[in-house]
Amino acid sequence: MGFNELLKDLDQSASVQAAGIRRGYGGPPARTVSVTAGLARLRCASLLKPLYAWVSAAHIPDADRWRRHAEPAVIVSSNADTLNLWLAVGPRVILDDLRSRTGIAWSPPNGDPSRFGSVEVAADEVAAVYAVFAQAAVAGDPIAETILGWMRQVSASQAFGVREAIRSPGAGVKSGWYGAPEETCLRTHTVAIVPRGGTRVTVAVGMTALPYTDAREREVYAEKVGKGMHVEPEHEKVAGRLLRGLLVTTLDELGHFRDGPGK
């Protein structure tokens, strides 16, 4: 199934993006793919948590303290621990460090800079940054290597079936999900990293913001969020199938499956 088939019945109020990068010395020529429907930039806070953890390590001298917050930020998507890193280092420092390492410039959110989740990005930017991160990990950067290991520990309940869909049980995955009270959509997004041996890596990103307009459903959703209850099943219902389709199609366009499934 191609992108056209995936997106042909998309609601006009929806926004969907997907992007992928395949590159590495000793492998096939570098390839990229991307598609955008709707807004050019989206909020996808949880996709950026491993990246914030990566660059914040150099700015927190106490390695145990860094790990105490970085590990749950990546593995269980802890907002409180991400915020601790974000405020301890500073949003401008974190984003400037990411730009210097990857060439991709993101801006702190308007208004309250403590709202790390309000940074807006595009899927092709996320894929580009993760490609640098992933190659750093496989080349021996100890912090990146540790974080990629944590991404491989992200549980199935937070991976939206992505590992099974892309036939790569050992993929590093990070997903995110949220629907803010003022939004009439649910945002669900995932990045998958599939090392191919040596310094070769493949990265695929899917980002969705799909309509969620039933007033009662939104009320129940907000109540669950307020009580700290799991809302992943609601995001699975709204976006799971499309999200998996985006990643599978991205990897297929990159020629990933012609090389055989990832490990």
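So, α2 against α6: on the α2 side we have L47, L48, P50, L51 and W54, and they meet V126, V129, Y130, V132, F133 and A136 in α6. This is a predicted model, by the way, so keep that in mind throughout. If you sort that contact by class, you get 11 nonpolar residues, no polar ones and no charged ones.

Okay, geometry. Two packed helices are described by the angle between their axes and by the distance between those axes. Here α2 covers residues 45–56, and its axis comes within 11 Å of the α6 axis, with a crossing at roughly 45°. That angle is under 65 degrees and not under 35, and therefore α2 and α6 are oblique to each other. As for handedness, α2 passes α6 in a left-handed crossing.

Now stay on α6 and turn to its other partner here, α7. How far apart are the axes of α6 and α7, and at what angle do they pack? They are 7 Å apart, and the angle is about 105°. That falls in the 65 to 115 range, so α6 is roughly perpendicular to α7. From α6 the contact takes Y130, F133, A136 and A137, and from α7 it takes A144, E145, I147, L148 and M151. By class that's 8 nonpolar residues, no polar ones and 1 charged. If you've been keeping track of names, Y130, F133 and A136 turn up in the contact with α2 and again in the one with α7.

One more residue on α6 before we leave it: A131. The helix runs over residues 123–138, and A131 is in it. Is A131 buried or exposed? Its relative accessibility is 0%, so A131 counts as buried. Leaving aside residues up to four places away in sequence, A131 touches I21, R23, V201 and V203. There's also a sequence-versus-space comparison to make with A204: A131 and A204 are 73 residues apart in sequence, while their C-alpha atoms are 9.4 Å apart in space.

Right, aromatics. Searching the whole structure turns up 7 aromatic pairs. The one I'd like to show is F160 with W177: the ring centres are 6.0 Å apart and the planes sit at 70°, so this pair is edge-to-face. What does the pair tie together? F160 is in the loop between α7 (142–152) and α8 (162–165), and W177 is in strand β5, residues 172–178, so the pair ties together parts that are 17 residues apart in sequence. Both F160 and W177 are buried. Elsewhere, Y52, W86 and F116 form one aromatic cluster.

Back to F160 for a moment, for its backbone. Phi of F160 is near 55°, which is a positive value in a residue other than glycine. F160 has 5% relative accessibility, so it counts as buried.

And there's R167 to set beside it. Phi of R167 is also near 55°, again positive in a residue that isn't glycine. Where does R167 lie? In the loop between α8 and β5. The relative accessibility of R167 is 45%, so R167 counts as partly exposed. So with those two positive phi values we have F160, which is buried at 5%, and R167, which is partly exposed at 45%.

That's what I have; happy to go back to any of these on the screen.

Methods. Residues are numbered from 1 along each chain as its sequence is written. This is a predicted model: local features need pLDDT of at least 70, side-chain atom pairs count only at pLDDT 80 or more; totals for chains, interfaces and linings use all residues. Side-chain values use heavy atoms; hydrogens and water are left out. Helices (H or I, at least four residues) and strands (E, at least two) are DSSP runs, numbered from the N terminus. Buried means under 20% relative accessible area, exposed over 50%, partly exposed in between (1.4 Å probe, protein chains only). Contact means heavy atoms within 4.5 Å. Axes are lines fitted to C-alpha atoms, for helices over the stretch in contact, and angles run from 0 to 180 degrees between N-to-C directions. Angles under 35 degrees count as roughly parallel, over 145 as roughly antiparallel, 65 to 115 as roughly perpendicular and the rest as oblique. A crossing is left-handed if the near helix is turned anticlockwise from the far one by less than a right angle, and right-handed if clockwise. Ala, Val, Leu, Ile, Met, Phe, Trp, Tyr, Cys and Pro count as nonpolar, Asp, Glu, Lys and Arg as charged, and the others, Gly among them, as polar. Rings of Phe, Tyr and Trp (its six-membered ring) pair if their centres lie within 6.5 Å; planes under 30 degrees apart count as stacked, over 60 as edge-to-face and the rest as tilted.
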